Amino acid sequence: MKHSPGIILTQLATLPIVDEVVVAAPERGEVLVQVQASGICHTDLSYMRDARTTPVLLGHEGAGVVAAVGEGVSHVQPGDHVVINWQAKCQRCRHCVAGRQDLCEAVQGTAGPRVTWRGQPLPVMLNAGTFCQYVVVPAGGAVPIRRDMPFEKAALLGCAVATGVGAALYTAAVAPGDTVVILGAGGVGLNVVQGARLAHAGSIIVIDLDAAKLELAQRYGATHVLPGDDAAVAAVQRLTAGRGADHVFEVVGLPELMLRGIDMLARGGTLTLVGAAARTATLPFAPRRFMSQQQTIRGCIYGNIRPERDLPLFADWYMAGTLLLDELHTVTVALDEVPELFNTPHIPRGIRPVVRL
Ligand SMILES: [Zn+2]
Ligand SMILES: [Zn+2]
């Protein structure tokens, strides 16, 4: 049993609170991780709008040290450094056995509730709940990485990097020379940018309202940056000699941006939806040219990565200097500062504030 403060969203449309929770020991097939750092992802904030259940312990982008393992866990031992993978696969459903773990029908949580708040079981966000000093995850939720990567950077591997770099490398499989447009240059968007760079894309065109983010996008691999205005579609057409983009990534979750992205597609082009739209959002578009120009709209969850293979690989890339993260994470906060950060957009927070636990 561990006692720790945690960040709890008690109901929709309110700010989360800091309160003590109790975390139980790991059971068979589970791992207890002492969380060292946890990034604040847009999805944490979006829970204030549309969490499926409240109360809920927030946080899902974390890294830490294994504190204890349950029976039957052999891939990690206490002291190992791990990244939290909030997409632990069942390895048993028809998709998993066919090698498509990214389509797993039964993403794993713990076998029962492991966190208690005010005497009641407390659900955790995305089978994680990393805004807490301890988290119990299913074995696949703790992915070991090298020990020399700083925890504040390693945390980002667990969501922003997995989703963004994975979207470019695996979901969309950007090929050398492809023309890529990224709509939205936040923590995930900038990782799509560097994923496209790592895939040796040709033109990498980044569109955002924020000039500072566009500057960073150039550091991360953008070949062209554009302000997010009505002229963006025409600008993309001009930059691609009228052909349009092979890949457009929407990384904000706004239907109007998705529609703009559709208008930017080349023949055979793919719009990849990375941003989480509101659960009620709908998209009105003309399907005819999707038939005649063989275009595709596809969804992307967690960048279609294979966490056991890719999270350690991303750690190696960061340590080798090929994956950039230092510019994303410039602000570190304490756990009790998190509710304030959710409330006050004017606080300087960098692209990805990280909670140090
Ligand atoms: Zn996230
Ligand atoms: Zn499965």
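Which way do strands S11 and S12 run, parallel or antiparallel, and how many bridges join S11 to S12? Keep that in mind while you load the structure, which is a predicted model.

**Stop 1: S11 and S12**

Select residues 180–183 for S11, then add S12 beside it: the two strands run parallel, and four bridges join them. To find the register, pick Leu 183, which stands opposite Ile 207 in S12.

Now color S12 by itself, residues 204–208. Five of its five residues are buried, so S12 is largely enclosed by the rest of the structure. Turn on the side chains and look along the strand: Ile 204, Val 206 and Asp 208 point one way, while Ile 205 and Ile 207 point the other way. Asp 208 is buried along with the others.

**Stop 2: S6 and its two partners**

Next, go to S6, residues 81–84. His 81 and Val 83 point one way from this strand, and Val 82 and Ile 84 point the other way. Each of these residues is buried.

Which strand pairs with S6 over three bridges in the antiparallel sense and covers residues 142–144? That is S10. Click Val 83 and you'll find Val 143 of S10 opposite. Then select residues 61–69, which make up S5; three bridges join S5 to S6, and these two strands run antiparallel. Here the pair to click is Val 65 and His 81, which stand opposite each other.

If you have hydrogen bonds switched on, remember that strands of a sheet pair through backbone hydrogen bonds, either parallel or antiparallel.

**Stop 3: the five-stranded sheet**

Now select S4, S1, S2, S7 and S8 together. In that order they form an open sheet, and the pairing is antiparallel. Which strands sit at the edges? Look for S4 (56–57) and S8 (120–121), each of which pairs on one side only.

Inside the sheet, zoom in on S1 (residues 2–9) and S2 (residues 17–23). Seven bridges join these two antiparallel strands. Gly 6 is a handy landmark, with Asp 19 in S2 as its bridge partner.

**Stop 4: a cis bond and two positive phi values**

A few backbone details are worth a stop, given that most residues other than glycine have a negative phi, and most peptide bonds are trans.

Select Thr 54 and Pro 55. The peptide bond between them is cis, with omega near -5 degrees. Pro 55 belongs to the loop between helix H1 (42–50) and S4, so to speak a short hop from the sheet's edge strand S4.Then move to the loop between S8 and S9 (134–138), where you'll find Leu 126. Its phi is near 50 degrees, a positive value in a residue other than glycine. Is Leu 126 buried or exposed? Leu 126 has 23 C-beta neighbours inside 10 Å and therefore counts as buried.

Asn 127 lies in the loop between S8 and S9 as well. Phi of Asn 127 is near 55 degrees, again positive in a residue other than glycine. Asn 127 counts as buried because it has 22 C-beta neighbours inside 10 Å.

**Stop 5: H3 against H4**

Time for the helices. Two packed helices are described by the angle between their axes and the distance between the axes.

Select H3 (residues 151–171) and H4 (residues 187–198). Their axes are 7 Å apart, and the helices pack at an angle of about 40 degrees. H3 and H4 are therefore oblique to each other, and their crossing is right-handed. The residues of this contact divide into 11 nonpolar, seven polar and no charged.

To see who is involved, show side chains on the H3 side, including Ala 160, Val 161, Gly 164 and Ala 168, and on the H4 side, including Val 188, Leu 190, Val 192 and Ala 196.

Stay on H3 and pick Leu 169. With 19 C-beta neighbours inside 10 Å, Leu 169 counts as partly exposed. Leaving aside residues up to four places away in sequence, Leu 169 touches Gly 195, Leu 198 and Ala 199. Try a distance label from Leu 169 to Leu 198: their C-alpha atoms are separated by 8.0 Å, though the two are 29 residues apart along the chain.

**Stop 6: H3 against H9**

Keep H3 selected, hide H4 and bring up H9, residues 307–320. How are H3 and H9 oriented to each other? They pack at an angle of about 105 degrees, with axes 10 Å apart, and are therefore roughly perpendicular.

On H3, the contact residues include Lys 153, Leu 157 and Val 165; on H9, among them are Asp 310, Phe 314 and Tyr 318. By class, this contact has nine nonpolar, one polar and two charged residues.

Technical notes:
Residues are numbered from 1 along each chain as its sequence is written. Chains are lettered from A and ligands numbered from 1 in the order in which they are written. This is a predicted model: local features need pLDDT of at least 70, side-chain atom pairs count only at pLDDT 80 or more; totals for chains, interfaces and linings use all residues. A residue is buried if 20 or more other C-beta atoms lie within 10 Å of its own, exposed if 12 or fewer, and partly exposed in between; C-beta atoms are placed from the backbone. Two strands pair if DSSP finds at least two bridges between them. Axes are lines fitted to C-alpha atoms, for helices over the stretch in contact, and angles run from 0 to 180 degrees between N-to-C directions. Angles under 35 degrees count as roughly parallel, over 145 as roughly antiparallel, 65 to 115 as roughly perpendicular and the rest as oblique. A crossing is left-handed if the near helix is turned anticlockwise from the far one by less than a right angle, and right-handed if clockwise. Two residues are in contact if their C-beta atoms, placed from the backbone, lie within 7 Å. Ala, Val, Leu, Ile, Met, Phe, Trp, Tyr, Cys and Pro count as nonpolar, Asp, Glu, Lys and Arg as charged, and the others, Gly among them, as polar.
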